[in-house]
Amino acid sequence: MSKTASSLLFGGAAVLAVSLLMSRVMPVQAEMMSAQAAPPAPAFTHPHAQDWLNSTPLEWKDLRGKVVLIDVWTFDCWNCYRSIPWLHSLEEKFPASDFQIIGVHTPELPQEYVLDNVRKKLKEFKITHPVMVDNDYSYWKALDNAYWPAFYTVDKQGKLRSLTVGETHEGDRNAKIIEAHIAHLIAERPPHQ
């Protein structure tokens, strides 16, 4: 849920809040952009070890040659945590040599800003892929993101190729779209330099 919808919901403007909430949870898909038209993925905004869980700090050069799925999430967002089993299935479906999930944990609620709470949730959800803790919203802003969860596909050259948002489950429409994008990007030959 967006901060605006959350504020309105708890502020008593329930009718407006419900319509804002529905606009946030309905799936949004963008067509996959061509490599030539796609912008580069923004540099990771947290270079310090304390801001990365399950990994040392990463840069895009560390991921060159892999297709990356950026998962923007927060642990108390039910749309986010209900998508985690599907993320686990992706890690089994695509070889680690070709594919990497990077979580970007951007909190909404006060308890989600506490690093120990994030660590506990990673253990509870059995999340082992790298997670960047984005407590200052710097990566959220760099992506110009507006949703939890948001799934960005990034090609082998580090370019943002698609965005899909909303709760995602194995075999559903979102999953089929994202998995097709990932498979396409893994098979795609790099453009001639």
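Tutor: Quick definition before we start: two residues are in contact when they have heavy atoms within 4.5 Å of each other. Keep in mind that this is a predicted model.

Student: Okay, so of the contacts between residues at least 6 apart in sequence, what share joins residues at least 24 apart?
Tutor: Start with the pairs that are at least 6 apart in sequence. Then keep the ones whose partners are at least 24 apart, and the share is 75%.

Student: What secondary structure elements are there, and how many of each?
Tutor: Both helices and strands turn up in this protein. The tally is eight helices and seven strands.

Student: What percentage of the residues is buried?
Tutor: The cut-off for buried is under 20% relative accessible area. The protein has 193 residues, and the buried part makes up 47%.

Student: And on the outside, how much of the exposed area comes from carbon and sulfur atoms?
Tutor: The total exposed by the protein is about 9700 Å². Of that, carbon and sulfur atoms supply 58%.

Student: Which elements cover the buried residues of helix 5?
Tutor: Helix 5 spans residues 84–93, and its buried residues are Ile84, Trp86, Leu87, Ser89 and Leu90. The cover over them includes both helices and strands. Among them are strand 3, helix 4, strand 4, helix 6, strand 6 and helix 8.

Student: Phe99 is in strand 4; is Phe99 buried or exposed?
Tutor: Leaving out residues up to four places away in sequence, Phe99 touches Lys66, Val67, Leu69, Leu90, Phe94, Ile182 and Ile186. Its C-alpha is 8.8 Å from that of Gly65, 34 residues away in sequence. The relative accessible area of Phe99 is 3%, and the limit for buried is under 20%, so Phe99 is buried.

Student: Moving past strand 4, which side chain does the Thr106 side chain make a polar contact with?
Tutor: Thr106 sits in the loop between strand 4 and helix 6, and at 0% relative accessible area Thr106 is buried. Beyond residues up to four places away, Thr106 touches Val72, Trp73, Thr74, Asp134, Tyr137, Trp140 and Trp148. The polar contact, at 3.1 Å, is with the side chain of Asp134.

Student: How far apart are the C-alpha atoms of Thr106 and Asn135?
Tutor: Along the chain, 29 residues separate the two. In space, the C-alpha distance is 5.7 Å.

Student: What's the relative accessibility of Val131?
Tutor: Val131 lies in strand 5, and outside four places in sequence its contacts are Asp51, Trp52, Leu53, Trp73, Gly103, His105 and Leu122. Ile101 is 30 residues away in sequence, with 8.8 Å between the C-alpha atoms. Val131 counts as buried because its relative accessibility is 0%.

Student: Which residue's side chain is in polar contact with the His129 side chain?
Tutor: His129 is in the loop between helix 6 and strand 5, and it counts as buried at 5% relative accessibility. Skipping neighbours within four places, His129 contacts Leu53, Asn54, Glu91, Gln100, Ile101, Ile102 and Gly103. The side-chain polar contact, at 3.1 Å, goes to Glu91.

Student: Any backbone oddities? What is the phi of Lys126?
Tutor: Most residues other than glycine have a negative phi. Lys126, in the loop between helix 6 and strand 5, counts as exposed at 63% relative accessibility. Lys126 isn't a glycine, yet its phi is positive, about 60°.

Student: Is Asp144 buried or exposed?
Tutor: Asp144 is in the loop between helix 7 and strand 6, and its phi is also positive, near 55°. Its relative accessibility is 67%, and exposed starts over 50%, so Asp144 counts as exposed.

Student: Which residues does the cis peptide bond join?
Tutor: Most peptide bonds are trans. The cis one here has an omega of about -20°, and Pro149, one of its partners, is in the loop between helix 7 and strand 6. The bond joins Trp148 and Pro149.

Student: Last one: how many charged residues line the second largest cavity?
Tutor: The search finds two cavities of 30 Å³ or more, and the second largest holds about 40 Å³. Its lining is Trp60, Leu63, Arg64, Lys66, Val68, Asp155, Lys156, Gln157 and Gly158. Three of these are nonpolar and two polar, and the charged ones number four.

Terms used: Residues are numbered from 1 along each chain as its sequence is written. This is a predicted model: local features need pLDDT of at least 70, side-chain atom pairs count only at pLDDT 80 or more; totals for chains, interfaces and linings use all residues. Side-chain values use heavy atoms; hydrogens and water are left out. Helices (H or I, at least four residues) and strands (E, at least two) are DSSP runs, numbered from the N terminus. Buried means under 20% relative accessible area, exposed over 50%, partly exposed in between (1.4 Å probe, protein chains only). Accessible areas come from the Shrake-Rupley method with a 1.4 Å probe; for residues, only the protein chains shown count as cover. On a 1 Å grid over the protein atoms alone, a cavity is a set of points where a 1.4 Å probe fits but cannot get out, and a pocket is an open set with protein on both sides within 12 Å along at least five of seven lines; lining residues have an atom within 4 Å of a point. Grid points are joined across faces, edges and corners, and a volume is the space filled by probe spheres set on the points. Ala, Val, Leu, Ile, Met, Phe, Trp, Tyr, Cys and Pro count as nonpolar, Asp, Glu, Lys and Arg as charged, and the others, Gly among them, as polar. A polar contact is a pair of N or O atoms within 3.5 Å; within protein, one must be able to donate a hydrogen and the other to accept it, and residues adjacent in sequence count only if both atoms are side-chain atoms.
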